Amino acid sequence: MRSNVRDMRISQEFQELRRIADFIRSFVHARRSASVAEVCEWASRFLDPLGASEDARIRPLISLLCEAGDFGFGSVREEQVLIALPERRVELPDGRVIRVGDHGMPMSEEGIGLFPDAALPPCCSLLEYLQEIDDAPPPHLERFVTPSGTWAEVAEIPKALSRALALCGSFDPATKSWFISDQNASFINDWLGLHEQWQSLADAAGPDPEQQRVIEAPANARLLVEAGPGSGKTFVACARIASLVDLGEVVPSRILVLSFTRVAVAELRDRVAALSPSSATSAIHTRTFDAFAARLLGAAGQPVKGGHDASIRAATRLLVRKDPLVLDIVSGFEHVVIDEAQDLVGDRKAFCDALVEALHDGCGVTVLGDPAQAIYGYQVTEAERDAFVETVCNRAEFSTIRLEQDHRTKTPALGDMFAECRDELLSPASDQRARYFKVRDRIQAAASESGISGFAGHASTTRGLILTRGRGALITAAEALRYRGREFRIRVPDRPLHIEAWIGATLGGLPGNERISRDGFSALFDELAPACDRDIAECWEILQELEGATGPHVIVSNIAEALEDPVLEIVRDHEGNTGPLLSTIHAIKGRESDRVMLLLTKAPTGEDVDWDEEARTLYVGATRASAELRTGWVTPNRYFRTGRPERYWAPRAGYRMLEIGLDGDLLSWSDLLKNGLVPKPRETVSAIWAAARAQSSLRAVRNNAGQYILSLLDENSTPLGCLSATFLEILHGITQADPESPGPDAVDAIAMSGATTVFSSGVTGNSPPIGLMPLLSGFCRVDR
């Protein structure tokens with residue numbers, strides 16, 4: 001009974017608020033514009049029975065309606081004025097369509113929503129409307145928004161939140177209370193990046209018993225650690241290495257750690273250092289498979305040529321032949337850790353087989369992998385699909401320890417799905433196609449939402465991961481987000497890592513022999529416009545770490561040389577500054593997020609489909625989520641493919657669209673300087689920094705020398721780069737231009753997604769060894 005009385009009182013209060021808002025709307029509608037003082041006077045006179053006093057309710061409500069886009073706001077002769085705005089119809093997450101702006105509706109006696117309902121179709125979604133009003137990222141809040149409540153914090157309620165609450169239902173700016181539907185509350189929490197305080201299902205007290213077995217195993221033990229998603233594979237690998245060092249069982253310089261990517265290698269190195277109090281962990285040899293193969297070739301005096309795969313094959317031959325110079329290196333190791341063994345297939349599997357054979361008998365080996373997450377079989381022939389993890393299973397000297405406790409998921413639904421799908425994938429099956437659909441259905445059943453078609457406008461995609469099966473779906477999803485004006489980050493396969501732009505923005509264009517003091521760097525840092533997000537003290541510490549000293553100066557050329565092996569905290573494997581991270585499943589392995597949107601496509605077709613690998617790929621994508629998993633649908637656009645590395649293009653009436661931003665699409669920094677295309681390096685660096693922060697649209701215009709100079713759309717803007725001959729050759733091919741023709745006048749619609757620091761080591765004298773280059777993404781447009 002008491003609850004019903006309270007609900008009636010709340011309903012009455014919001015109905016009164018709606019009547020006040022309708023009166024203000026009607027008054028402004030009748031006059032097209034009106035001073036705030038006049039509106040307040042008339043509202044106080046006519047609505048006094050509602051308690052519509054000027055200071056308590058009317059002025060705060062006017063401010064709220066202006067923030068929500070119901071009125072325009074300005075001043076005439078220093079008097080504040082409200083201006084009628086065109087009507088907008090906005091669709092809310094709960095299905096209601098509201099009218100915002102000058103709709104001319106009479107005062108309503110019904111409804112507690114602050115904005116009236118619309119009968120006509122919507123113009124936009126709420127998410128699009130909020131971004132249109134304010135394109136800044138949503139505010140960061142700790143509080144979870146309930147369907148009804150009152151703001152009780154000491155700090156003022158953020159304007160973005162009060163605006164969203166008002167649009168979603170009703171919000172009283174005087175009492176800071178609100179009332180909205182469950183669906184709209186869920187939207188606001190998704191939009192703000194909030195989620196309920198989940199309690200992890202795993203025991204966080206320390207290593208579980210199986211993890212402890214791995215950590216405490218003797219230094220010379222040879223272990224295969226089967227680790228499912230969320231079982232703490234990386235932690236246990238790093239803890240084992242730290243334990244070997246701390247107990248004095250192995251000298252750090254005699255430990256070799258191998259993984260796939262530089263980011264994974266740097267993470268392993270940093271986490272080992274964090275777990276061990278010994279500074280000697282820096283002597284551990286932590287390498288990618290490709291980098292270690294190159295080291296073996298260097299020791300044998302063989303040049304590294306033909307790319308990474310060729311280097312791996314050449315190093316394997318040296319190991320198999322037991323080259324004495326190579327064995328001299330390998331025999332020095334007392335423990336070797338090999339990560340992601342389920343994805344070591346083909347040449348890299350053969351390399352690891354040969355490496356283990358070449359180790360002395362007393363050398364311990366820890367191999368980590370999960371057969372249920374093997375997703376790189378497509379890179380090799382059918383005969384080469386057996387992974388290194390399967391080879392190790394058959395070696396008598398290896399013992400297997402299975403990590404089965406879930407340390408990732410925070411909901412029972414996800415935890416159960418992780419376990420059930422893994423069991424399904426590791427069990428024999430006569431019908432692999434049926435198993436694929438069974439796994440896909442189980443993943444969708446565990447999702448908090450499934451079958452989402454309009455993912456680009458879904459509120460949950462303000463942060464977290466958005467994952468696709470393949471590159472075509474990835475680019476389609478990116479174009480959909482771009483079309484909606486959404487900010488996002490993207491990890492595109494086969495694109496190189498890049499280095500944070502603030503280094504190039506501050507040191508780019510300076511002579512290599514220049515010594516920079518702390519005060520000098522402060523002056524360069526303060527010149528950045530817009531300002532850098534990082535703290536200046538943190539940036540100076542990073543430069544000193546790269547310099548390898550803590551003295552009062554850093555030398556530009558020394559920083560350039562150190563960038564060949566940069567510290568992890570300045571390396572980025574994605575483009576863009578804010579928003580969700582968009583990636584293929586293959587490119588995101590090893591990462592996790594509390595929120596994942598898994599975009600599904602139609603099931604593959606054909607007789608040569610590896611249904612088990614397709615199922616494992618979906619499983620890897622779904623198991624990146626720790627708290628919230630959603631599934632949606634994306635239909636990849638139809639693209640043609642061309643070039644090496646492969647890129648997409650599409651014909652259109654009168655023009656062609658061509659993917660841009662791959663490695664080598666722009667002339668290098670050193671070539672720009674050599675060809676005199678950057679006459680004022682510091683000016684170019686500043687322009688690139690500003691354009692990257694704004695994620696500007698660029699165009700490349702052909703000059704008299706036939707070079708395509710990249711710049712902003714303003715004709716007098718500073719040159720930002722130059723398209724390479726390799727890119728132009730592909731461009732001419734898809735436009736079917738006459739080989740003798742000079743080519744199109746311009747390349748348009750080039751999206752700039754950021755910038756990267758670039759460097760040329762070994763530069764001496766006054767030449768600038770550090771620069772800044774644009775990062776490009778999406779499709780450019782060229783007329784036929």
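**Exercise 1. Classify Gln695 as buried, partly exposed or exposed, and describe its backbone and its place in the chain.**

Solution. Step 1: In this predicted model, the relative accessibility of Gln695 is 29%. Step 2: Buried requires a value under 20%, and exposed requires one over 50%. Step 3: Gln695 therefore counts as partly exposed. Step 4: The residue lies in the loop between α24 (681-694) and β29 (697-702). Step 5: Although Gln695 is not a glycine, its phi is positive, at about 50°.

**Exercise 2. Carry out the analysis for Lys322: where does the residue lie, and what is its phi?**

Solution. Step 1: Lys322 is found in the loop between α11 (307-320) and α12 (324-330). Step 2: Its phi is near 55°, which is a positive value in a residue other than glycine. Step 3: With a relative accessibility of 47%, Lys322 counts as partly exposed, because the value falls between the limits of 20% and 50%.

**Exercise 3. Determine which form the peptide bond from Ala529 to Pro530 takes, and locate Pro530.**

Solution. Step 1: Omega of the bond from Ala529 to Pro530 is near 5°. Step 2: This peptide bond is cis. Step 3: Pro530 belongs to the loop between α19 (518-526) and α20 (536-547).

**Exercise 4. Describe the residues that UniProt annotates as "binding site", taking Gly228 and Ser231 as examples.**

Solution. Step 1: An unreviewed UniProt entry places this feature at Ala227, Gly228, Pro229, Gly230, Ser231, Gly232, Lys233 and Thr234. Step 2: Gly228 sits in the loop between β10 (222-227) and α8 (233-246). Ser231 is likewise placed in the loop between β10 and α8. Step 3: The relative accessibility of Gly228 is 7%, so this residue counts as buried. For Ser231 the value is 2%, and Ser231 therefore counts as buried. Step 4: Neighbours within four places in sequence are now set aside. On that basis, Gly228 is in contact with Asp370, Gln373, Leu403 and Arg422. Ser231 touches Gln211, Leu403, Gln405 and His407. Step 5: Leu403 appears in the list for Gly228 and in the list for Ser231.

**Exercise 5. Decide whether Ala30 is buried or exposed, and state how far its C-alpha atom is from that of Ala84.**

Solution. Step 1: Ala30 is part of helix α1 (residues 2-31). Step 2: Its relative accessibility is 65%, so Ala30 counts as exposed. Step 3: Ala30 and Ala84 are 54 residues apart along the chain, and their C-alpha atoms are separated by 9.4 Å.

**Exercise 6. Characterise the protein chain as a whole: how many helices and strands does it have, and how compact is it?**

Solution. Step 1: The chain contains 25 helices and 34 strands. Step 2: Its radius of gyration is 30 Å, close to the 28 Å that the globule rule gives for 784 residues, so the chain is as compact as a globular protein of that length. Step 3: The C-alpha trace spans about 100 × 70 × 60 Å along its principal axes. Step 4: Of the 784 residues, 53% count as buried. Step 5: Among contacts with a separation of 6 or more, 74% involve residues 24 or more positions apart. Step 6: The accessible surface is about 34,900 Å², and carbon and sulfur atoms make up 49% of it. Step 7: The chain carries 82 positive and 110 negative charges, whose mean positions are 3 Å apart.

Note on methods. Residues numbered from 1 in each chain as written. Predicted model: local features only at pLDDT ≥ 70, side-chain atom pairs only at ≥ 80, totals over all residues. Heavy atoms only, no water. Helix = DSSP H or I, 4+ residues; strand = E, 2+ residues; numbered from the N terminus. Rg over C-alpha atoms; globule rule 2.2 N^0.38 Å. Buried < 20%, exposed > 50% of the residue type's maximum accessible area, 1.4 Å probe, protein only. Contact = heavy atoms within 4.5 Å. Areas by Shrake-Rupley, 256 points an atom, 1.4 Å probe, with all protein chains shown as cover. Lys, Arg positive; Asp, Glu negative; His and termini not counted. Charge placed at Lys NZ, Arg CZ, Asp CG, Glu CD. UniProt positions renumbered as here; feature names shortened; annotations may be inferred.
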